[in-house]
Amino acid sequence: METLNLTSRNVEKIEALFPNCITEVRGKDGRARKAVNFEMLRQMLSEDAVEGEEAYGFTWAGKKAAVLEANKPVRMTLRPCLEKSVQWDSTENLYIEGDNLEVLKLLQESYLESVKVIYIDPPYNTGNDFIYKDDFSKSEEAYSSQQLFKNTDSNGRFHSDWCSMMYSRLLLARNLLAQDGVIFISIDDHEQENLKKICSEIFGEANFLAQVVWERAYAPVNLKKHFSESHDYILCYAKCLPDAVCNGLPRSSEANKRYSNPDQDPRGVWKAGDLSVGPRVESKVYEITTPGGRKVLPPNGYCWRLDQRTFQEYVKDNRIWFGPEGNNVPSIKRFLSEVKQGMTPMTIWKYGEVGHSQDATKRLKELFNNKAYFDYPKPVELIKRCIQLYADKDSLILDFFSGSGTTAQAVMELNAEDGGKRKFILVQLPEKCREKSIAYMDGYENICQIGEERIRRAAALTAERYPASGFDSGYRVFHLDESNMKEVYFTASEYSQDLLTELASNIKGDRSEEDIFFGCIIDWGLPLSCVCKEEWIDGCKVLNYKEGALLACFSEEMTERVITYMAEKHPQKAVFLDVKLQSSAEKGNLLQIFQTVSPETNVKVI
């Protein structure tokens, strides 16, 4: 009987955009209410570190800088590597080599709210793990050699550095999740507490789904002084809890064996469910007379689940079971055909269901001729379960700490098993292999080379097991690199009239047409996995991406017929190279043709 509380509604709007900016306060009446952490909101909207004390909440040295780093733009691009790719022309899978922070920034427009499931297995921060050193103030050469550092517990910022690394990346990852998307993060006891607090800030405490306990070991380590750890955790958060839909786990044969059909009911097999329930509700306490004449009341403190009228309707519909002789306490018939086909998952995942670390190591070794290239890889079945629970058959799956590439194998196996069209995006820093390692001696220079080879071998093995499945066994490889533009490429705020003499050609000399083309795709926020067709008009190559979403021609001596042909396709966007146009008159003619034939096209000359 009152008007809307506009303050509460405004807080809800801010929470939808920036859940990490919401805190909790107590009013004069003692009740807890949501409130805006204005210091954090200022930081989210600022390009500089905001001065002042941190507000109430989980904080550490460098938290504001982590937010600043996530929001900072980068001048990078993704260069296609056709020679490393498999089935480039047909695959929709992506493997990206590079720093995942910068890659996530580049993917913001192309895959905004497009990812159904994210699974990551970040460094656990055990004191022996390498983590990202996010310091972009250094030169590119210096930065390339310091992207990772060993975070030992002697480091005074041991937890802070790890938290900062995760915070910035999870902020960006949340943007990529679909509204009904879910993220799974593997972790152990070293940073589980901190990671849960970070996730509750970024995704919102109300979107917490579960903290799964995975039984990763099947035998104790007797050399341990106190306890032998046998589990890890998987934190699970939704982008928006009301929109997330759990598919459940496939029903086991053991669960289905509990159903039978002793009375030959035409609706199929069923099992008996208890008709009584507590606590006692007087309106549902009444005497039932069984077909055999027995008088039955619910147990003390209990009542029947159904009121008397509904119970009689169930009897008429043959949904009440009185036993083979008609004298048993009545029960409700639960038909298998009417129960939810997906079983609700529990929060303890046994190794007998999803595998353990030793088995995962063994199976990965089998792919590489019994060579151990990775320590502690995750089981394929573990990641398959995460994907099955919340992804559809055509969903996009992201892993930006991809390591050995287990997520790719999980996606391919699921598709082969059920005919799905799921797609994956994997991101991995090309961390160098140690020179004395088995992998290095076998010719692998970095982790990405091993990961890509693992995907190829896993695809071959899956195709052998499911020869008629026709799953997507390929992937496009992209490499993170500096912008295609020279250093003389400026933003609007940096541009000045005296720079005109330096702009004869903005493009670096070592960049191919494919580099430039996919640089435009990233800039314009188009997905990287679409089909690209080549057409030749008057000896000029025209690139047609995503059925006219983007047309490009980088050939010299483009004729008016080529330009008109492209305009008549009515593309959403068209791109040309300024250096290929002989004069300003040609450029003006090109723009005039598009203005006349296809004025809705966004034309870009670079």
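Modeller: Two residues are in contact when heavy atoms of theirs lie within 4.5 Å. The model we are looking at is predicted.

Biologist: How many helices and strands does the chain have?

Modeller: Start with the extent of the chain. Its C-alpha atoms fill a box of roughly 100 × 70 × 60 Å along the principal axes. Of its 606 residues, 48% are buried. The chain's elements number 18 helices and 28 strands.

Biologist: Among contacts between residues at least 6 apart in sequence, what share joins residues at least 24 apart?

Modeller: Take the contacts in the chain between residues at least 6 apart in sequence. Then keep those that join residues at least 24 apart; the share is 69%.

Biologist: Which strands stand at the edges of the open sheet of 10 strands?

Modeller: The order in this sheet is 3-23-4-22-21-5-8-10-9-20, and the pairing is mixed. An edge strand has a single partner, so one of its sides is left without a neighbour in the sheet. That holds for strand 3 and strand 20.

Biologist: Which residue of strand 8 stands opposite Val-117?

Modeller: Strand 5 covers residues 115-120, and strand 8 covers residues 177-187. They pair in the parallel sense over five bridges. Opposite Val-117 stands Val-182.

Biologist: What angle does the direction of helix 13 make with that of strand 22?

Modeller: Helix 13, residues 406-418, packs on the sheet of 10 strands. It touches strand 5, strand 21 and strand 22. With the direction of strand 22, the helix makes an angle of about 170 degrees.

Biologist: Is Thr-462 buried or exposed?

Modeller: Thr-462 is found in helix 15, residues 447-465. Beyond its neighbours within four places in sequence, Thr-462 is in contact with Met-412, Glu-413, Ala-416 and Phe-471. Buried means under 20% relative accessible area. Thr-462 has 1%, so it counts as buried.

Biologist: Which element gives the most to the lining of the second largest pocket?

Modeller: The pocket holds about 910 Å³ of space. Elements that give two or more residues to its lining include helix 1, helix 3, strand 3 and helix 16. With five residues, the one that gives the most is helix 16.

Biologist: At what angle does that helix run to strand 3?

Modeller: Helix 16 lies across two strands, strand 3 and strand 23. To strand 3, it runs at about 130 degrees.

Biologist: How many nonpolar residues are in the lining of that pocket?

Modeller: The lining has 35 residues, and those nearest the pocket's centre are Pro-73, Val-74, Lys-105, Leu-106 and Gln-108. By class, eight are polar and seven are charged. The nonpolar residues number 20.

Biologist: Which residue of strand 18 stands opposite Ile-320?

Modeller: An open sheet of three strands has the order 12-18-17, with antiparallel pairing. Strand 12 and strand 17 each have a single partner strand, so they stand at its edges. Two bridges join strand 17 to strand 18, residues 331-335. Opposite Ile-320 stands Ile-332.

Biologist: How far apart in space are Leu-543 and Lys-533, C-alpha to C-alpha?

Modeller: Leu-543 lies in strand 25, residues 540-545. Its relative accessible area is 9%, so Leu-543 is buried. Its contacts beyond four places in sequence include Phe-517, Lys-533 and Phe-554. Leu-543 and Lys-533 are 10 residues apart in sequence, and their C-alpha distance is 5.9 Å.

Technical notes
Residues numbered from 1 in each chain as written. Predicted model: local features only at pLDDT ≥ 70, side-chain atom pairs only at ≥ 80, totals over all residues. Heavy atoms only, no water. 1 Å grid on protein atoms, 1.4 Å probe; cavity = no way out; pocket = protein on both sides within 12 Å on 5 of 7 lines; lining within 4 Å. Points joined across faces, edges and corners; volume = space filled by probe spheres on them. Helix = DSSP H or I, 4+ residues; strand = E, 2+ residues; numbered from the N terminus. Nonpolar A, V, L, I, M, F, W, Y, C, P; charged D, E, K, R; others polar. Buried < 20%, exposed > 50% of the residue type's maximum accessible area, 1.4 Å probe, protein only. Pairing = 2+ DSSP bridges. Axes fitted to C-alpha atoms, helices over the stretch in contact; angles between N-to-C directions.
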